[in-house]
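Please open the structure in a viewer and keep the sequence at hand. The tour below proposes a series of selections and describes what is found at each stop.

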Amino acid sequence: MEKLFVEATEFSPLINLDPFTDTLEFRGESRPENACKFFQPVLEWLDNYNKVLYFMKSDKGDAYHKDLVFTFAFDYLNSTSLKFVYDILKKLESLVPNATSVTVKWIYEPGDEDMKDNGEELAKLVKLKFTLEEGK
């Protein structure tokens with residue numbers, strides 16, 4: 001399983017999904033011109049990661065322990081990106097049976113009520129441990 005790393009641009013967020021260090025993060029602005037094309041590799045990576053977790057759990061049995069924390073620290077999300085973030089969160093729900101725990105850490109800038117509200121609404125829509133944190 002390879003790492004998925006996408007450098008942030010003016011229109012798209014940094015994506016760092018590293019199964020070797022358990023660094024799983026999305027940071028920056030998200031308003032890509034073609035959100036479907038941009039986020040499709042993320043959805044595919046998560047499907048593959050779920051398979052890897054399944055085999056790791058099957059192989060190690062009771063000794064298996066995998067706590068996953070996915071960090072979302074967006075400065076801005078357009079409506080299309082928000083829909084894909086929801087799709088990503090639904091994929092994260094599918095990881096739950098193959099991980100010890102899956103937590104979403106939603107970080108928003110102080111005073112950014114819109115991003116805080118987005119996190120609160122998404123938390124209601126998924127069955128994941130969800131923490132909201134005001135960034136620095």
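**The negative patch**

Begin by selecting D75, E109, E113, D114, D117, E120 and E134, which gather on the surface as a patch of negative charge. The model on display is a predicted one. Next, select residues 113–125, which form helix α3. With four residues, helix α3 gives the most to the negative patch. Within helix α3, turn to E120. E120 counts as partly exposed because its relative accessibility is 33%, and the range for that class lies between the 20% below which a residue is buried and the 50% above which it is exposed.

**A salt bridge in helix α3**

Remain on helix α3 and select K124 and E121, which both lie there, three residues apart, or about one turn of the helix. K124 forms a salt bridge with E121, and their closest N and O atoms are 3.5 Å apart. How exposed are the two partners? K124 counts as exposed, at 63% relative accessibility, whereas E121 counts as partly exposed, at 45%.

**Further salt bridges**

How many salt bridges does the structure hold? There are eight in total. As general background, side chains of opposite charge can pair when their charged atoms come close.

Select D18 and K3 for another of these contacts: their side chains meet in a salt bridge, at 3.9 Å from N to O. D18 lies in strand β2 and K3 in the segment before β1 (4–6), so the pair ties together parts that are 15 residues apart in sequence. D18 is buried, with 9% relative accessibility, while K3 is partly exposed, with a relative accessible area of 41%.

Proceed to helix α2, residues 79–95, and select E93 and K90. The side chains of E93 and K90 meet in a salt bridge, at 2.8 Å from N to O. Because E93 and K90 are three residues apart in helix α2, about one helical turn separates them. Is E93 buried or exposed? E93 is buried, its relative accessible area being 17%; K90 counts as partly exposed, at 32% relative accessibility.

**A covered strand and its neighbour**

Now select strand β5, residues 101–108. This strand is mostly covered, as six of its eight residues are buried. Add strand β4, residues 67–77, to the selection: β4 and β5 pair in the parallel sense over six bridges. To inspect one position in this pairing, select F72, whose bridge partner in β5 is W106.

**A loop residue with positive phi**

Move to the loop between β2 (14–18) and β3 (23–30), where D22 has its place. In general, most residues other than glycine have a negative phi. D22 is not a glycine, yet it has a positive phi of about 55°. D22 is also partly exposed, with a relative accessible area of 29%.

**A phenylalanine on helix α1**

For the last stop, select helix α1, residues 35–60, and locate F55 within it. Is F55 buried or exposed? F55 counts as exposed, at 57% relative accessibility. Then add N98 to the selection: F55 and N98 are 43 residues apart along the chain, and their C-alpha atoms are separated by 8.6 Å.

Methods: Residues are numbered from 1 along each chain as its sequence is written. This is a predicted model: local features need pLDDT of at least 70, side-chain atom pairs count only at pLDDT 80 or more; totals for chains, interfaces and linings use all residues. Side-chain values use heavy atoms; hydrogens and water are left out. Patches are made of residues with over 30% relative accessible area and no salt bridge: like charges are joined within 9 Å, nonpolar side chains (Val, Leu, Ile, Met, Phe, Trp, Tyr) within 5 Å. Accessible areas come from the Shrake-Rupley method with a 1.4 Å probe; for residues, only the protein chains shown count as cover. A salt bridge is a side-chain nitrogen of Lys or Arg within 4 Å of a carboxyl oxygen of Asp or Glu. Lys and Arg count as positive and Asp and Glu as negative; His and the chain ends are not counted. The place of a charge is taken as NZ of Lys, CZ of Arg, CG of Asp or CD of Glu. Helices (H or I, at least four residues) and strands (E, at least two) are DSSP runs, numbered from the N terminus. Buried means under 20% relative accessible area, exposed over 50%, partly exposed in between (1.4 Å probe, protein chains only). Two strands pair if DSSP finds at least two bridges between them.
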